[in-house]
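Trainee: I should like to work through this protein chain step by step. May we begin with the terms and then turn to the model itself?

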Amino acid sequence: MPAPVSRSARRHGLSAAPSTQPLRALGLALAVALGGLSVPLAANASLVQGHDPDGYRTGEFRLPLGAGELVFTGSGAYNYPSFDYRTTVATGARTELIFGAPLAADTPIDANDTYGAGSETLYDRWQSGYMVYQPGGRSCSRWSCWYYPSISYGVVTGAGIDGAWAGDTSGLLGFRFEDKGWHYGWVELTVDDDSFDIGRWAYQEVAGVGVIVGSTTDLAPAPQRFASPAAPAAAVPEPSALALLALGAAGVAASRRRRA
């Protein structure tokens, strides 16, 4: 039922309007609870998802991602006591990567991050050394002689684990590809010497909309990601107390004149 309107208010064309205070209070409470973060699901956003069902791979594998592509390579070289096992990633056409250490889960990525094209060694376990050869020979004592065979053994001179991931065997990569704007995405990867396993992956079908690494949640477009709470709507002005008193006095005076 609409709120009652005073006679003086009706005379001045004023009508009752529902208060906006509860809605404004609710909006501000939500803004505070979210720390100023806008609603993460952007309008018309769509996340394309998938996974590689083939498990661990060796050699080169090209992973198509929309109009882009990432190229993974697992390789190994062995010559006792030396070996070198590594996994690398390279960007294909129209694709860029966030290079460096693996990204933590739930990291937001969008236009605010730094990307580049090229290749990078993610994981490299190696050992260096050389072989020592000791020839056989003949040895004699006072009563007999015998022969001993030649032997070889390896001498290790160094070992280590290098690469951008510096010993991490699993992590998340952030990337983007260009197709009428930049599309952002992530790939889950596990490495094991000369082989690698691509797990889940996802990318944003809508250009300009970021993603949260390891999640299926979208972000609003980068310029709108951190938005200030909306300004309160202008309230309908109400007549002041003095104005109402003046109107009342004028009405009384008019009534007296009519009676006279």
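Mentor: Let us start with a definition: two strands pair if DSSP finds at least two bridges between them. Please bear in mind throughout that this is a predicted model.

Trainee: How many bridges join strand β4 to strand β5?

Mentor: Strand β4 covers residues 68-79 and strand β5 covers residues 82-91, and the two run antiparallel. One bridge of β4 is that of Ala77, whose partner in β5 is Asp84. The number of bridges joining β4 to β5 is 10.

Trainee: In what order do the five strands of the open sheet stand?

Mentor: The pairing in this open sheet is antiparallel. From one strand to the next, the twist averages 15°. The order of the five strands is β3-β4-β5-β8-β11.

Trainee: Which strands stand at the edges of that sheet?

Mentor: An edge strand here has a single partner strand, so one side of it is left without a neighbour in the sheet. This applies to two strands, one covering residues 59-65 and the other residues 151-162. They are β3 and β11.

Trainee: How many strands does the protein chain have in total?

Mentor: The protein chain also contains helices, and these number three. The count of strands is 16.

Trainee: What share of the residues of the protein chain scores a pLDDT of at least 70?

Mentor: The average pLDDT of the protein chain is 78. Over residues 1-44, however, the pLDDT is below 50, although this stretch has 33 contacts in the model beyond near neighbours in sequence. Residues 224-233 also lie below 50, with 14 such contacts. The share of residues scoring at least 70 is 67%.

Trainee: Why is caution needed where pLDDT is low?

Mentor: Low pLDDT calls for restraint in reading a model. In such places, the predicted coordinates should not be read in detail.

Trainee: What percentage of the residues counts as buried?

Mentor: A residue counts as buried if its relative accessible area is under 20%. The protein chain has 260 residues in all. Of these, the buried share is 28%.

Trainee: Which residue meets Arg94 in a salt bridge at 3.9 Å, N to O?

Mentor: Arg94 lies in the loop between β5 and β6, and its partner lies in strand β12, 84 residues apart from Arg94. At 30% relative accessibility, this partner counts as partly exposed. The residue is Glu178.

Trainee: Which residue meets Arg94 in a salt bridge at 3.6 Å, N to O?

Mentor: This pair links distant parts of the chain, for the partner sits in the loop between β12 and β13, 85 residues apart from Arg94. Arg94 has a relative accessible area of 44%, and the partner has one of 32%. The residue is Asp179.

Trainee: Is Arg200, which meets Glu188 in a salt bridge, buried or partly exposed?

Mentor: Glu188 is in strand β13 and Arg200 is in strand β14, 12 residues apart. Glu188 has a relative accessibility of 28%. Arg200 has a relative accessible area of 37%, and therefore counts as partly exposed.

Trainee: Which residues do salt bridges that share partners join into one network?

Mentor: The structure holds 11 salt bridges. Where salt bridges share partners, they can be followed from residue to residue, and here they join Asp52, Asp54 and Arg57.

Key
Residues numbered from 1 in each chain as written. Predicted model: local features only at pLDDT ≥ 70, side-chain atom pairs only at ≥ 80, totals over all residues. Heavy atoms only, no water. Helix = DSSP H or I, 4+ residues; strand = E, 2+ residues; numbered from the N terminus. Buried < 20%, exposed > 50% of the residue type's maximum accessible area, 1.4 Å probe, protein only. pLDDT = per-residue confidence, 0-100. Contact = heavy atoms within 4.5 Å. Axes fitted to C-alpha atoms, helices over the stretch in contact; angles between N-to-C directions. Salt bridge = Lys/Arg side-chain N within 4 Å of Asp/Glu carboxyl O.
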